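This report walks through a pocket, two helix contacts and a handful of single residues, for a reader who wants to follow each of them on the model.

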Amino acid sequence: MAAADFSRLIAAAADTIAAHAEELTALDQAVGDGDHGLNMKRGFEAVRAEADAFAAKPLPEALKAVGTKLVMTVGGASGPLFGTLFMALGKDLPAAPDRDGLTAALGRAIDAVAARGKSQPGQKTMLDVLQPVYEALAQGKTAGQIADAADKAAEATVPMKALRGRASFLGERSIGHMDAGARSTALLVRAVAEAIEGN
């Protein structure tokens, strides 16, 4: 991937998170401590600030650098989880990945996030979006179809009872609210998908 392309992906991700920061905060206020939107915005703005330096690295190293920056700047539970996603992707992604290479790397990255969060799909977390995205990618779906799958998966967290994270303390009261981490994951998937489709 050319440096300019990676920089554009970073900008698309940061723009999307910034545009939806208040929405993410409102979702988190309903079942958490209300800092998800602000934390994610701070993290992706920090990544944006170093986009040129990251983009100059080989793709696997660039992704690991993004993950490290997110761990350092996002805060809360989201920093380690989103950071782990990017760092694990970078660890397993070939320098010039094809769909099979990306699919395999994403699968291992999802396992890493699950291990870090001690969670699994079905517990109302970002994994409930990541797993359907992985399946759509493995099935050969287009970027737009993968983004649609991510949005649908985030919506599907609304009727779920949270079993992990701060929302799990609310028990039944967590039902009826979309998970903020699932929503931010879906936003990032769509941002990247649209940037790639527009290339």
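The sections below take up the pocket, the packing of one helix, and then selected residues in helices and loops.

## The largest pocket

The model is a predicted one, and every value that follows is computed from it. The largest pocket holds about 960 Å³ of space. It is lined by 33 residues, and those closest to its centre are Leu-9, Leu-89, Leu-102, Val-192 and Ile-196. Eight elements are listed as giving two or more residues to this lining: α1 (3-19), α3 (36-49), α5 (59-73), α6 (78-92), α7 (99-117), α8 (127-138), α9 (143-155) and α10 (180-197). The largest share comes from α10, which supplies 6 residues. In terms of residue class, the lining of the largest pocket is made up of 29 nonpolar, 1 polar and 3 charged residues.

Asp-5 lies in helix α1, and its relative accessibility of 21% means that Asp-5 counts as partly exposed, because the buried class is reserved for values under 20%. Asp-5 is separated from Ile-196 by 191 residues in sequence, yet the C-alpha atoms of the two are 8.5 Å apart in space. Ile-196 is also one of the residues closest to the centre of the largest pocket.

## Helix α2 and its two partners

Helix α2, residues 21-31, can be described through its contacts with α10 and with α3. The axes of α2 and α10 come within 9 Å and cross at roughly 160 degrees. An angle over 145 degrees counts as roughly antiparallel, and α2 and α10 are therefore placed in that class. On the α2 side of this contact stand Glu-23, Leu-24, Leu-27 and Asp-28, which meet Ala-180, Arg-183, Ser-184 and Leu-187 of α10. The residues of this contact comprise 4 nonpolar, 1 polar and 3 charged.

The axes of α2 and α3 come within 6 Å, and they cross at roughly 140 degrees. That angle makes α2 oblique to α3. Here Ala-21, Leu-24, Thr-25 and Asp-28 of α2 meet His-36, Gly-37, Leu-38 and Lys-41 of α3. By class, the contact of α2 with α3 contains 3 nonpolar, 3 polar and 2 charged residues. Leu-24 and Asp-28 are named both in the contact with α10 and in the contact with α3.

## The loop between α7 and α8

Lys-118, Lys-124 and Thr-125 are all found in the loop between α7 and α8. Most residues other than glycine have a negative phi. Against that background, Lys-118 has a positive phi near 50 degrees, and Lys-124 has a positive phi of about 65 degrees. The surroundings of the two lysines fall into opposite classes: Lys-118 counts as exposed at 65% relative accessibility, whereas Lys-124 is buried, with a relative accessible area of 1%.

Thr-125, at 11% relative accessibility, also counts as buried. Beyond its neighbours within four places in sequence, Thr-125 is in contact with Ser-119, Arg-164, Asp-179 and Ala-182.

## Two residues in other loops

Met-160 lies in the loop between α9 and α10 and, at 21% relative accessibility, counts as partly exposed. Leaving out neighbours within four places in sequence, the contacts of Met-160 are with Gly-122, Lys-124, Asp-128, Ser-174 and Ile-175, so that the buried Lys-124 of the loop between α7 and α8 appears among them.

Leu-93 lies in the loop between α6 and α7, and with a relative accessible area of 8% it is buried. Its contacts, again without neighbours within four places in sequence, are Leu-59, Pro-60, Leu-63, Gly-101, Leu-102 and Ala-105. One of these, Leu-102, is also listed with the residues closest to the centre of the largest pocket.

## Separations in sequence and in space

The table sets out the C-alpha to C-alpha distances for three pairs of residues.

| Pair | Apart in sequence | Apart in space |
|---|---|---|
| Asp-5 and Ile-196 | 191 residues | 8.5 Å |
| Met-160 and Met-178 | 18 residues | 8.5 Å |
| Leu-93 and Leu-38 | 55 residues | 29 Å |

Methods:
Residues are numbered from 1 along each chain as its sequence is written. This is a predicted model: local features need pLDDT of at least 70, side-chain atom pairs count only at pLDDT 80 or more; totals for chains, interfaces and linings use all residues. Side-chain values use heavy atoms; hydrogens and water are left out. On a 1 Å grid over the protein atoms alone, a cavity is a set of points where a 1.4 Å probe fits but cannot get out, and a pocket is an open set with protein on both sides within 12 Å along at least five of seven lines; lining residues have an atom within 4 Å of a point. Grid points are joined across faces, edges and corners, and a volume is the space filled by probe spheres set on the points. Helices (H or I, at least four residues) and strands (E, at least two) are DSSP runs, numbered from the N terminus. Ala, Val, Leu, Ile, Met, Phe, Trp, Tyr, Cys and Pro count as nonpolar, Asp, Glu, Lys and Arg as charged, and the others, Gly among them, as polar. Buried means under 20% relative accessible area, exposed over 50%, partly exposed in between (1.4 Å probe, protein chains only). Contact means heavy atoms within 4.5 Å. Axes are lines fitted to C-alpha atoms, for helices over the stretch in contact, and angles run from 0 to 180 degrees between N-to-C directions. Angles under 35 degrees count as roughly parallel, over 145 as roughly antiparallel, 65 to 115 as roughly perpendicular and the rest as oblique.
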